[in-house]
Amino acid sequence: MKRTFAYFRFAVLLCLLCTGTFTVAAPGKPNPDLDRLNSSLAALDNDPALADLAAVERLKARQALAQYVSAKGKLREQAFFIASKRVETAQAAAQAELLASQAEQLDRERDKIILQASQRDAELARREADQLRLQNMARQEEAERLSLAVEAEREAREQSTADAQLSSAQ
């Protein structure tokens, strides 16, 4: 039962937060500290890069601001401290989430670049291997041609030696 009530309270606060009807305002005289905290939270909400980040911390900051508004006497200073720390925490959490998402994106880009470089290197190595294979085949053909030429010259010498012996024998 307690858990259900806590979920219900969280859902109500979240709905109030989403509809924009939950604004923290000081009763009576203006409070510059409260205005500063509200403007910091509003700036966080209005920043397009951070608007969807750190929702739980923002909710906690709004709850702390509400507690600050309702606090009386000595508890008011402590409630202000907690509220200001919650706002700072919400800002830091949103920045941290943004940086983490940017780091993930940069990691994906780095991996993509490394993959492209590996593919390019593999293609270059394949081309170089093909070129070396062709050069090797050309060398083998040249060696075979030279070997045939040497063999033909040797046979021609043997033939001329044989002809010379035959003519000297006659």
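At 27% relative accessibility, Asp130 is classed as partly exposed. In this predicted model, Asp130 is paired through a salt bridge with Arg133, and the closest N and O atoms of the two lie 3.9 Å apart. Both residues belong to helix H4, where a spacing of three residues separates them by about one helical turn. Arg133 is likewise partly exposed, its relative accessible area being 45%.

The secondary structure in which this pair is set consists of four helices and zero strands. Along the sequence, the pattern reads α-α-α-α. Of the 170 residues of the protein, 16% are buried. The accessible surface amounts to about 13100 Å², and carbon and sulfur atoms contribute 58% of this area. Among contacts with a separation of 6 or more, 65% join residues that are 24 or more positions apart.

Helix H4 comprises 96 residues, from 74 to 169. At 1.5 Å a residue, a helix of this length should span 142 Å; the distance of 139 Å between the end C-alpha atoms of H4 therefore agrees with expectation. The buried residues of H4 are Ala79, Phe80, Ala83, Ser84, Val87, Ala90, Ala93, Ala94 and Leu98. The cover over these buried positions includes helices H2 and H3.

Helix H2 has 15 residues, and its first and last C-alpha atoms are 20 Å apart, close to the expected 21 Å. Its buried residues are Leu34, Leu37, Leu41 and Leu44. Viewed down the axis of H2, these residues fall within an arc of 90°, so they line one face of the helix. On the face turned away from this buried side, H2 carries the exposed residues Pro32 and Asn46. H3 and H4 are among the elements that cover the buried residues of H2. At the start of H2, a side-chain oxygen of Asn31 approaches the backbone nitrogen of Asp33 to within 3.1 Å.

Between H2 and H3, the loop contains Ala54. The phi angle of Ala54 is near 55°, a positive value in a residue other than glycine. For comparison, most residues other than glycine have a negative phi. With a relative accessible area of 3%, Ala54 is buried.

Helix H3 follows, covering residues 55–70; its 16 residues reach 23 Å from the first C-alpha to the last, close to the 22 Å expected. Buried positions in H3 are Arg58, Leu59, Ala61, Arg62, Ala64, Leu65, Tyr68 and Val69. Arg58, a residue of H3, has a relative accessibility of 4% and therefore counts as buried. Beyond its neighbours within four places in sequence, Arg58 makes contact with Leu41, Leu44, Asp45, Leu50, Ala51, Asp52, Leu53, Ala90 and Ala94. Two of these partners, Leu41 and Leu44, are buried residues of H2, while Ala90 and Ala94 are buried residues of H4.

Side chains of opposite charge can pair when their charged atoms come close. The model contains 13 salt bridges. In addition to the pair formed by Asp130 and Arg133, these include one between Arg110 and Asp107, with the closest N and O atoms 3.5 Å apart. Arg110 and Asp107 are three residues apart in H4, which places them about one helical turn from each other. Arg110 has a relative accessible area of 44% and is partly exposed; Asp107, at 36% relative accessibility, is also partly exposed.

A further salt bridge links Glu153 to Arg157, the closest N and O atoms being 3.6 Å apart. Glu153 is partly exposed, with a relative accessible area of 48%, and Arg157 is partly exposed at 48% relative accessibility. The two residues lie in H4 with a spacing of four residues, about one turn of the helix. Elsewhere, salt bridges that share partners connect Glu123, Arg126, Arg127, Asp130 and Arg133 into one network. The pair formed by Asp130 and Arg133 thus belongs to this network.

Technical notes. Residues are numbered from 1 along each chain as its sequence is written. This is a predicted model: local features need pLDDT of at least 70, side-chain atom pairs count only at pLDDT 80 or more; totals for chains, interfaces and linings use all residues. Side-chain values use heavy atoms; hydrogens and water are left out. The expected span of a helix is 1.5 Å times one less than its number of residues. Buried means under 20% relative accessible area, exposed over 50%, partly exposed in between (1.4 Å probe, protein chains only). Contact means heavy atoms within 4.5 Å. Accessible areas come from the Shrake-Rupley method with a 1.4 Å probe; for residues, only the protein chains shown count as cover. A salt bridge is a side-chain nitrogen of Lys or Arg within 4 Å of a carboxyl oxygen of Asp or Glu. The arc is that of the directions from the helix axis to the C-beta atoms. A polar contact is a pair of N or O atoms within 3.5 Å; within protein, one must be able to donate a hydrogen and the other to accept it, and residues adjacent in sequence count only if both atoms are side-chain atoms.
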